[in-house]
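Colleague: I have not seen this one before. Can you walk me through it?

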Amino acid sequence: MRKYWIVSTIVFFSLFSCNSDKKVLQPEDVIKPIYEYGYDITQFNVIKDSVRADETFSSILDKYGVSIQTIYKIDSMAVLDSIDLTTLKKDKFYTILTKQDTAETFQAFIYELNPVEYWRIDLRNSIPIVERVRKNITTKRMHASGIISGSLFQTLEDINVDPYVAIKMAEVYKYSIDFYKIQEGDKFKIIFDQQFIDDTIPYQAEKIYASYFEHKRKPFYAFGYVTDTTKNNFQYYDEEGRELKKMFLKSPIAFGRISSKYSMSRYVSIYGRLKPHLGTDFAAPIGTPITTTADGVVEESAYKGGNGNYVKVKHNNTYSTQYLHMSKRAVAKGQRVSQGQVIGYIGMTGSTTGPHVCYRFWKNGKQVDALKQKETKSDPLPAKEKSAYLAFIKPVKAELDSLGFKNMEKKKMLNDK
Ligand SMILES: [Zn+2]
């Protein structure tokens with residue numbers, strides 16, 4: 001999922017948490033308890049290992065002197081808690097705790113399922129404890145900023161910022177900046193949420209609240225905001241309240257090529273009849289998903305003559321889009337659809353000579369050239385929402401603007417800590 005892309009850069013980077021933790025001083029003559037998985041591990045012998053190819057749960061516990069009767073008992077208890085002890089995987093980490101006595105009596109077994117979950121089997125009392133435990137995940141609001149002169153992605157990784165942040169940034173700007181083309185000297189500042197395991201171990205980056213990206217010296221602000229009308233729909237807007245998301249995607253299919261453009265003058269022949277071509281054809285293999293290029297309501301979903309299987313989506317009083325020659329339709333009339341949602345699949349129904357979708361762009365009841373509608377923007381926030389939005393972003397923008405682009409020295413200092 002965490003697809004890494006390379007963007008030929010090295011970033012001068014800084015990262016700091018907004019929260020500062022107060023350290024409680026311990027008297028030096030006391031052994032400080034160290035907690036892991038809820039145990040003070042200074043009180044046990046701790047064995048950390050990973051599962052080998054030929055090992056099973058019972059063979060591991062057997063090595064530490066746990067009786068076969070007890071293993072059976074643990075097994076039957078585990079099943080009740082939907083824990084399948086036969087699914088131990090090679091190379092997964094586990095921890096064994098034994099007593100600090102001469103017999104080194106077995107006390108507990110902890111198996112790391114994933115970075116946030118583990119199984120705990122505790123035999124300190126007569127009744128074993130068998131449970132699945134989820135570690136404590138906390139979220140902190142963080143800042144990061146940098147000047148790009150290498151790989152954004154690699155540097156995020158180098159300075160222990162979840163590289164996934166880069167993907168989130170690309171997502172924020174997908175309608176305005178081509179992240180494959182970010183270049184030397186581009187700058188960025190972001191305010192985002194970072195999850196931590198047990199308050200200390202960085203886990204994964206969550207949403208970006210606000211962002212500044214300077215691409216080819218042009219600033220792009222983005223502020224996440226939920227409007228009254230969009231309810232829970234978190235969207236990004238610029239510093240003037242224009243939504244970053246554009247109303248239409250450039251293409252109804254993810255990968256494909258334009259096989260025929262809209263043309264009023266160039267007549268195409270279909271079954272001997274000459275007609276202007278009022279759509280844009282995107283060729284792709286049969287079965288390729290076709291997505292609606294904008295939010296809307298399905299106005300028509302039908303089979304009709306030369307159109308074959310087709311879907312028409314009404315976006316507002318001005319625009320509708322229509323998708324022809326589908327092998328299969330995936331939506332029904334009256335259904336609400338959102339941008340990028342699959343509405344059907346590439347086919348060859350109706351009048352076609354090869355598998356493609358004929359994409360028709362309707363503006364005020366007339367078919368126009370979709371490729372010439374690139375500048376179609378989303379509606380700006382309505383006046384009464386805009387003032388609330390501007391008031392909302394004022395302190396966030398000030399916070400963003402106050403962040404400097406740190407130099408290498410600062411980066412080094414942070415690394416030396
Ligand atoms: Zn066509």
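Modeller: We can take the metal site, then a histidine, then the core.
Modeller: This is a predicted model, where local features need pLDDT of at least 70, side-chain atom pairs count only at pLDDT 80 or more, and totals for chains, interfaces and linings use all residues. Residues are numbered from 1 along each chain as its sequence is written, and side-chain values use heavy atoms, with hydrogens and water left out.

Colleague: Which residues coordinate the zinc ion?
Modeller: His-277 (NE2), Asp-281 (OD) and Cys-358 (SG), at 2.0 to 2.2 Å. Donors are N, O and S atoms within 2.8 Å of the metal (3.2 Å for Na, K and Ca); water is not among the atoms, so sites may look incomplete.

Colleague: How are the donor residues spaced in sequence?
Modeller: The pattern is H-x3-D-x76-C. His-277 in strand β16 and Cys-358 in strand β25 are 81 residues apart, a link between distant parts of the chain. Strands (E, at least two residues) and helices (H or I, at least four) are DSSP runs, numbered from the N terminus.

Colleague: And His-325, buried or exposed?
Modeller: Buried, with a relative accessible area of 5%. Buried means under 20%, exposed over 50%, partly exposed in between (1.4 Å probe, protein chains only). His-325 lies in strand β21, and its contacts (heavy atoms within 4.5 Å) beyond four places in sequence include His-356 and Cys-358.

Colleague: New topic: which element gives the most to the largest nonpolar core?
Modeller: α4, with five residues. That core has 27 residues, and the term means buried Ala, Val, Leu, Ile, Met, Phe, Trp, Tyr and Cys joined through side-chain atoms within 4.5 Å. Met-169 is among the members touching the most others.
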